[in-house]
Each structure stands twice: as C-alpha cells, then as structure tokens.
Amino acid sequence: MLTYKQNITSLPVYNDGKFRLFEIRQTKTTLPVEYLHNTGKDVWFEELSISDRLRFEAEERKKRITYKLRIPQIKEITSLHVVKIGKEYHKVFNSYHFTNKDGFKQTDLTLEEYPRVKLEGEL
C-alpha cells in the first residue's frame, strides 16, 4: 500500500470584501487639524473572527475593536492608516506581518472605530 503524501499548497483567498486605504495626516498650522488622505489603493481582504481575549483586552483600554482582517502583506500599513469598508471608517489599531505555513506573506489588521472623519478636500 502506497502511503505517499503529496505537498499540497493552499492559496490564500481574500473574497470577503475590499477596503479603501487612507493615510492620517495633519495640517502644518499652529493648531494642527487631522485629516485623511486617500491613497487610491483598494485592498481585498479575508475577515477573521475577533477572539474574546482580544475583545476583553481592548475594552480594558477603552478601545472598541470592530474588525480583524487578513490581507496580502503590505508592510507600509501602520497605525497611521484608516480603512473605509462600505461607508464606515476604521483606524488600524495593530498590523501584524508574517509568512504563513505555505510560504505566502500576509498581514493581519486589527481595526477600531474611527469617529472623526475629515477628508483632505474638506479643509
């Protein structure tokens, strides 16, 4: 009996939706005003579940975690970025870059509420 196991690589699938990436910037005035700059990048994502532990730890710090997403690796995304999913804006709380078991580079994003939305053209 043949007991040979083939190496099967499973490709990452990002089909839960896409978001638009914005960068947080400030005006160069005495009292800086925070605004969002549209990077023009749309990124497809896979939605992950938020663990009870993560939710509890965030609530202890008075943060409201809204989403946990997995995307192809984009190391430029930091906590100075905001994503727009549908009509809602979410600030990047944490980004974690890694290589999965099949060798694909990925990024996990943890998002929180972002209530103050002022776009670049609205200044």
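These numbered points go through the predicted model from its confidence to its strands, its cores and a few single residues.

1. Confidence. The model is predicted, and the mean pLDDT of the protein chain is 88, with 93% of its residues reaching 70 or more. Among the elements of the chain, strand β4, which covers residues 81–85, has the highest mean pLDDT, 96, while helix α1, covering residues 52–60, has the lowest, 76. A reader who looks at helix α1 should keep that lowest mean value in mind.

2. Pairing of β1, β2 and β3. Strand β1 (residues 17–26) lies antiparallel to strand β2 (residues 34–48), and nine bridges connect the two. One place at which to look for this pairing is G17, whose bridge partner in β2 is F45. Strand β2 also pairs with β3, again in the antiparallel sense, over three bridges, and here E46 stands opposite R70 in β3.

3. Strand β4 and its partners. Strand β4 is joined to β1 by four bridges, and these two strands run antiparallel; E23, for example, has H81 in β4 as its bridge partner. Strand β4 is also paired with β5 in the antiparallel sense, over four bridges, one of the partnerships being that of I85 with E88 in β5. Two residues lie between β4 and β5 in the hairpin that they form, and G86, in the turn, has a positive phi of about 65 degrees. Four of the five residues of β4 are buried, and the strand is thus mostly covered.

4. The nonpolar cores. Which residues have the most contacts inside the largest nonpolar core? They are F19, I71, I77, I85, L109 and L111, in a core that has 13 residues. Strands β1, β2, β3, β4 and β6 each supply at least two residues of this core. A second core, separate from this one, has six residues, including F22, L36, V82 and Y114. Returning to I85, and leaving aside its neighbours within four places in sequence, one finds I85 in contact with F19, F45, Y67, L69, H90 and L111.

5. T110 in strand β6. The residue T110 is placed in strand β6. Is T110 buried or exposed? Its relative accessibility is 3%, so it counts as buried, since buried means under 20%. Beyond its neighbours within four places in sequence, T110 is in contact with several residues, among them L54, I65, Y67 and F93.

6. An aromatic pair. The count of aromatic pairs comes to three. In the pair of Y96 and F98, the ring centres are 5.3 Å apart and the planes are at 15 degrees, so the pair is stacked. F98 has a relative accessibility of 16% and therefore counts as buried.

7. Two loop residues. N100, in the loop between β5 (88–99) and β6 (105–113), is buried, with a relative accessible area of 18%. The side chain of N100 reaches the backbone nitrogen of D102 at 2.9 Å, and, with neighbours within four places in sequence left aside, N100 is in contact with P12 and Q106. K62, by contrast, is in the loop between α1 and β3 (65–72), and K62 is exposed, with a relative accessible area of 76%. From K62 to T29 the distance in space is 30 Å, taken from C-alpha to C-alpha, while in sequence the two are 33 residues apart.

Key: Residues are numbered from 1 along each chain as its sequence is written. This is a predicted model: local features need pLDDT of at least 70, side-chain atom pairs count only at pLDDT 80 or more; totals for chains, interfaces and linings use all residues. Side-chain values use heavy atoms; hydrogens and water are left out. pLDDT is the predictor's confidence in each residue, from 0 to 100. Buried means under 20% relative accessible area, exposed over 50%, partly exposed in between (1.4 Å probe, protein chains only). Two strands pair if DSSP finds at least two bridges between them. A polar contact is a pair of N or O atoms within 3.5 Å; within protein, one must be able to donate a hydrogen and the other to accept it, and residues adjacent in sequence count only if both atoms are side-chain atoms. Contact means heavy atoms within 4.5 Å. Rings of Phe, Tyr and Trp (its six-membered ring) pair if their centres lie within 6.5 Å; planes under 30 degrees apart count as stacked, over 60 as edge-to-face and the rest as tilted. A nonpolar core is a set of buried Ala, Val, Leu, Ile, Met, Phe, Trp, Tyr and Cys residues joined through side-chain atoms within 4.5 Å.
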